[in-house]
Protein chains: 4
Amino acid sequence: MNDLRQIQQRMNDFVAERDWEQFHSPKNLSMALAVEAGELMEHFQWLTEEQSATLPPDKLAEVEQELADILLYLVRIAEQTGLDLPAAVIRKMDLNEKKYPAAQVRGSARKYTEYEQGKTA
Amino acid sequence: MNDLRQIQQRMNDFVAERDWEQFHSPKNLSMALAVEAGELMEHFQWLTEEQSATLPPDKLAEVEQELADILLYLVRIAEQTGLDLPAAVIRKMDLNEKKYPAAQVRGSARKYTEYEQGKTA
Amino acid sequence: MNDLRQIQQRMNDFVAERDWEQFHSPKNLSMALAVEAGELMEHFQWLTEEQSATLPPDKLAEVEQELADILLYLVRIAEQTGLDLPAAVIRKMDLNEKKYPAAQVRGSARKYTEYEQGKTA
Amino acid sequence: MNDLRQIQQRMNDFVAERDWEQFHSPKNLSMALAVEAGELMEHFQWLTEEQSATLPPDKLAEVEQELADILLYLVRIAEQTGLDLPAAVIRKMDLNEKKYPAAQVRGSARKYTEYEQGKTA
């Protein structure tokens with residue numbers, strides 16, 4: 001299940017078989033995704049950055065489930081808005097590579113922050 | 001770029017070429033993902049559920065970029081925690097299908113809420 | 001305990017007596033506040049707007065705790081950044097009242113959205 | 001404007017004069033609060049914990065506005081759910097003080113984490 005379109009299709013079937021589309025407006029799904037993002041963050045909030053990179057196995061297993069939940073909501077939002085998630089990702093990576101030439105921004109925290117700000121504008 | 005592992009690899013290269021791994025602790029990445037989830041939600045917050053499903057093209061283009069950003073942070077977190085995102089997604093879908101048999105939960109809001117609560121527990 | 005400065009002072013004492021300042025960088029506190037905001041939202045995510053305004057007592061009691069948690073983190077962030085929260089709130093309300101004269105924006109969804117966008121810019 | 005009830009009343013008037021109650025379901029307001037929490041976090045996401053405690057004045061001024069926005073949404077949610085925010089805060093602080101006796105939990109990261117987990121359960 002490495003393929004985004006297959007994941008999206010399997011989730012479509014899962015939701016349709018349960019008649020759960022009625023709950024899946026983009027508005028509701030965006031809330032659900034943000035709630036999961038909060039749960040993911042909860043695992044890291046009182047850790048140092050270093051600790052966050054070396055979680056014990058039981059914590060890692062929980063983080064794994066949060067990552068999966070976020071991806072599942074992401075493909076649901078793509079479905080319900082009619083957006084093509086794989087195409088969106090290519091476009092975004094192409095854009096980022098053009099906008100931030102490695103030779104110019106290498107290792108620069110300032111450039112990184114600009115990159116971030118450009119990204120979210 | 002439909003394949004999650006290819007996306008993850010391309011992001012690895014993108015980050016390495018710019019020497020930006022230093023910013024990418026799981027803690028920081030989880031914050032960045034949650035910030036993007038907030039930006040996604042911002043497009044929907046004052047809309048009705050119906051309106052959220054029929055966005056005008058300019059709004060859709062912005063939503064598309066937020067979805068891409070979220071996926072890009074998701075593969076970064078998988079990379080930095082050593083978790084296998086495609087495997088996690090299969091496991092989660094297998095689990096959900098076993099836990100919520102379509103015949104029993106079909107169209108039930110209550111079962112849906114239980115499903116949700118089970119999921120995040 | 002209606003007074004923001006009294007709440008902030010009582011929290012200062014609570015944290016100091018437990019030697020918990022060490023966890024309370026603004027970065028960490030902003031994560032904790034966002035996690036609580038996610039938990040608040042979780043109560044509403046699958047409800048209609050109407051349902052969200054008429055919660056049953058047990059749900060209301062949970063929402064009440066989330067609201068309190070958010071306020072407690074808010075005064076902690078004010079403390080740790082040295083910002084004056086009551087003064088900030090007056091300034092923001094003065095600003096909003098000047099920027100959105102009631103006579104001009106009354107009942108307008110478009111003006112409301114502009115107001116929102118101005119606010120977050 | 002140090003008094004929560006006065007802030008809540010002034011926001012009630014502000015919203016009523018503009019006929020904006022129609023947008024302020026608890027569901028929508030919880031999204032708006034979470035969006036602001038994301039904007040607050042954005043200022044800190046790539047900073048170290050130390051840097052987050054010593055922001056330059058221009059950043060501090062932005063953080064101040066985010067804190068004010070969060071408090072304003074908080075009193076709106078209290079209003080629209082009929083909850084008494086000052087009373088909720090007292091109850092929560094009373095609860096925390098009973099649950100985490102300073103003598104037992106002092107300086108303990110483990111106890112702190114338990115405190116956190118108890119809090120959000």
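Which side chain meets A:Arg5 in a salt bridge? Select A:Arg5 and look for A:Asp84: their side chains form a salt bridge, 3.2 Å from N to O. Keep in mind as you go that this is a predicted model.

**Stop one: chain A**

With that pair still on screen, colour the chain by secondary structure. A:Arg5 sits in helix H1 (residues 4-18) of chain A, while A:Asp84 belongs to the loop between helix H4 (57-81) and helix H5 (85-99), so the salt bridge ties together parts that are 79 residues apart in sequence. Turn on the surface next. A:Arg5 is partly exposed, with a relative accessible area of 45%, and A:Asp84 is partly exposed too, at 29% relative accessibility.

**Stop two: between chains D and C**

Now select D:Lys92 together with C:Asp69. Here you will find another salt bridge, with the closest N and O atoms 2.7 Å apart. D:Lys92 comes from helix H5 (residues 85-99) of chain D and C:Asp69 from helix H4 (residues 57-81) of chain C, so this pair joins two chains. How accessible are the two partners, buried or exposed? D:Lys92 counts as buried at 4% relative accessibility, and C:Asp69 counts as buried at 2%.

**Stop three: chain D**

Stay with chain D and pick D:Arg5 and D:Asp84. Their side chains meet in a salt bridge of 3.2 Å, N to O. D:Arg5 is in helix H1 (residues 4-17) of chain D and D:Asp84 is in the loop between H4 and H5, so the two link parts that lie 79 residues apart in sequence. On the surface, D:Arg5 is partly exposed at 44% relative accessibility; D:Asp84 is also partly exposed, at 32%.

**Stop four: a network**

Next, select A:Arg10, B:Asp94 and B:Glu97 at once. Salt bridges with shared partners connect these three residues into one network. If you would like the overall tally, a search of the whole structure gives 24 salt bridges over all chains.

**Last stop: an arginine without a partner**

Finish by going back to chain D and selecting D:Arg76 in helix H4 (residues 57-81). Which side chain of opposite charge is nearest to D:Arg76? That is D:Glu79, 5.4 Å away, and D:Arg76 has no salt bridge although it is buried. The cut-off for a salt bridge is 4 Å.

To see what surrounds D:Arg76, show its contacts beyond the neighbours within four places in sequence: D:Met11, D:Asn12, D:Val15, D:Glu21, D:His24 and D:Leu29.

How values were computed: Residues numbered from 1 in each chain as written. Chains lettered and ligands numbered in written order. Predicted model: local features only at pLDDT ≥ 70, side-chain atom pairs only at ≥ 80, totals over all residues. Heavy atoms only, no water. Helix = DSSP H or I, 4+ residues; strand = E, 2+ residues; numbered from the N terminus. Buried < 20%, exposed > 50% of the residue type's maximum accessible area, 1.4 Å probe, protein only. Lys, Arg positive; Asp, Glu negative; His and termini not counted. Contact = heavy atoms within 4.5 Å.
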